[in-house]
Amino acid sequence: MRDVQIHASAIVETDRIGPRTRVWAFAHVLAGAVIGTDCNIGSHTFVESGAIIGNGVTIKNNNSIWSGITIDDGAFIGPAVVFTNDRHPRSRGLPEAAQRYERDDWLLPTRVGRGSTVGAGAIVLPGRTIGPYATVAAGAVVTRDVPAYTLVAGQPARPRGWMCCCGLPLRSAADDAVCRGCGLAYTRGGDGIRRLDTRGAAG
Amino acid sequence: MRDVQIHASAIVETDRIGPRTRVWAFAHVLAGAVIGTDCNIGSHTFVESGAIIGNGVTIKNNNSIWSGITIDDGAFIGPAVVFTNDRHPRSRGLPEAAQRYERDDWLLPTRVGRGSTVGAGAIVLPGRTIGPYATVAAGAVVTRDVPAYTLVAGQPARPRGWMCCCGLPLRSAADDAVCRGCGLAYTRGGDGIRRLDTRGAAG
Amino acid sequence: MRDVQIHASAIVETDRIGPRTRVWAFAHVLAGAVIGTDCNIGSHTFVESGAIIGNGVTIKNNNSIWSGITIDDGAFIGPAVVFTNDRHPRSRGLPEAAQRYERDDWLLPTRVGRGSTVGAGAIVLPGRTIGPYATVAAGAVVTRDVPAYTLVAGQPARPRGWMCCCGLPLRSAADDAVCRGCGLAYTRGGDGIRRLDTRGAAG
């Protein structure tokens, strides 16, 4: 764990954590978790065995990244996001439910795509995929998959617009859009939008 | 506190905690709290004096179980659930509000019934009762009592269906229903449903 | 830091914290944060450099008070409130977004007014002002400024009524209202209501 900055009060039990990653106070990372390079793991955050976090990921405070959650490179997880991995949870200490937990099929995985944003206090139901560069607004409750570049908001979360890779909203309602911030260009394609490369070809 | 598994970083100040209960990292349980046997107290969770937690209860991460909260046997409290015990909170440090806190009647109790589920990130307003085997969906805001076996969802939370003791939804719209998972049978009764015992009599 | 009660497990790195303030377990207050007198900083709460907290403020558990957040005297921040300071967050580790964080203009400040209440689990979007003695209901998502004495609720939060300084709702629909709890009197004025002083003059 060379070049990993771990606050003196944090507990990091995995050895699969990349260089230049920073772990803040009172965080707890279990053995069996995987964390890439150049990440930020906020204070009071818990990362369970079986969670997989890519490179350049920012996870703010008060998060629990459960087994079954995979977060791709460059994603942003806001403060107090709530992930889940069990669609019909009961206590394992409840006799009527115990048999459901003798099998492994209660766990539903979640995938958070490259460069996406999960806003502050959002809730992500189990088994969902958040596409690359998508944005989940603060407080949204994600009950369906979120397509790439899509902004979703509300409870339950519904599409509200398109977001650029850089994080700014795309304001054009026409078939093509250019980001007012970074100048990246997009065109309609498939069920959503696609990024145009710098030569104007869809990529 | 024999047979209690307390993480080295957790602080447990009560001696009323039952065998086989496990307390995770950075949890804080105050003196005067009561916790039964075979419970799971998640990381970064706070249990206040006056909170009462039964046997076989699962409490996931980032919860605060305040004075006035009673959680019955076998209940499941998801991650980052938000309980409350004051309907009209102000800071005690605010001169205009200080007199309201000189009396004890600001505290409204909450009861979470046997075998019930409070989903991830749900918010429970003070003075409410969640019935046995009820399920509060992730992100719901509970402003009214929740009857037994009832699924509630949304902000504010409203009834959406019935749940079996084992945690699976009951799919029948007719007067009788049988759980596709565990085979328990139910019939309409009173304002809701009742479980039939294995001989077919309502119990 | 005389007369400051800091739990043995808490980490307080600022020296700008007033007498009689209490800091609970596993809280982390960074150098550069400012906290007044007679405050309560709940367990598992994080206060960042640049946050400014007045006197007599109550902050319950599991909060993150970021740089750019100013909380005025006597305010109440419920458990697990979610503040934000970036309207379009992406990870700084994402190449497409990195240039937006080379400038400082991504940070939008939030002001929480004197004597106000931010209810349990509420989410406050960046750049908003919550007026004096306003109340944000539990679970509300604040997307607009909240006027003084106003109750807002829902996702997104919308006005639902008026609140007295003491925290109780004002029940009159007429031009004038008197609090049934503390007897303070109000009258319509401007876009909202104003408190009458004890001699009946608007103040």
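## The interface of chain C and chain A

Across the interface of chain C and chain A, in what is a predicted model, the rule finds 2 salt bridges. One of them joins the side chains of C:Glu96 and A:Arg114, with 3.5 Å from N to O. Polar contacts are also found across this interface, where 16 residue pairs qualify with both residues at pLDDT 80 or more. On the side of chain C that touches chain A, the elements that give two or more residues are strand E13 (82–83) and helix H1 (95–98) of chain C, and H1(C) gives the most, with 3 residues. By residue class, this side of chain C divides into 15 nonpolar, 12 polar and 5 charged residues.

The extent of the contact can be set out by chain and by area.

| Quantity | Value |
|---|---|
| Residues from chain C in the contact | 32 residues |
| Residues from chain A in the contact | 42 residues |
| Area buried between chain C and chain A | about 2500 Å² |
| Share of that area from carbon and sulfur atoms | 59% |

In chain C, the residues that lose the most area to chain A are C:Arg90, C:Glu96 and C:Gln155, which together account for 27% of what that side buries. C:Glu96 is thus named twice, since its side chain also meets that of A:Arg114 in a salt bridge.

As for the arrangement of the copies, a rotation of 120 degrees with 0.0 Å of shift along its axis superposes chain B on chain C, with an RMSD of 0.0 Å, and that is the relation of a three-fold axis. The copies nevertheless use different surfaces, for 16% of the contact residues of chain B recur in chain C.

Definitions and conventions
Residues numbered from 1 in each chain as written. Chains lettered and ligands numbered in written order. Predicted model: local features only at pLDDT ≥ 70, side-chain atom pairs only at ≥ 80, totals over all residues. Heavy atoms only, no water. Least-squares fit on C-alpha atoms with pLDDT ≥ 70 in both. Contact = heavy atoms within 4.5 Å. Buried area = accessible area lost by both parts, 1.4 Å probe. Salt bridge = Lys/Arg side-chain N within 4 Å of Asp/Glu carboxyl O. Polar contact = N/O pair within 3.5 Å; in protein donor to acceptor, adjacent residues only side chain to side chain. Helix = DSSP H or I, 4+ residues; strand = E, 2+ residues; numbered from the N terminus. Nonpolar A, V, L, I, M, F, W, Y, C, P; charged D, E, K, R; others polar.
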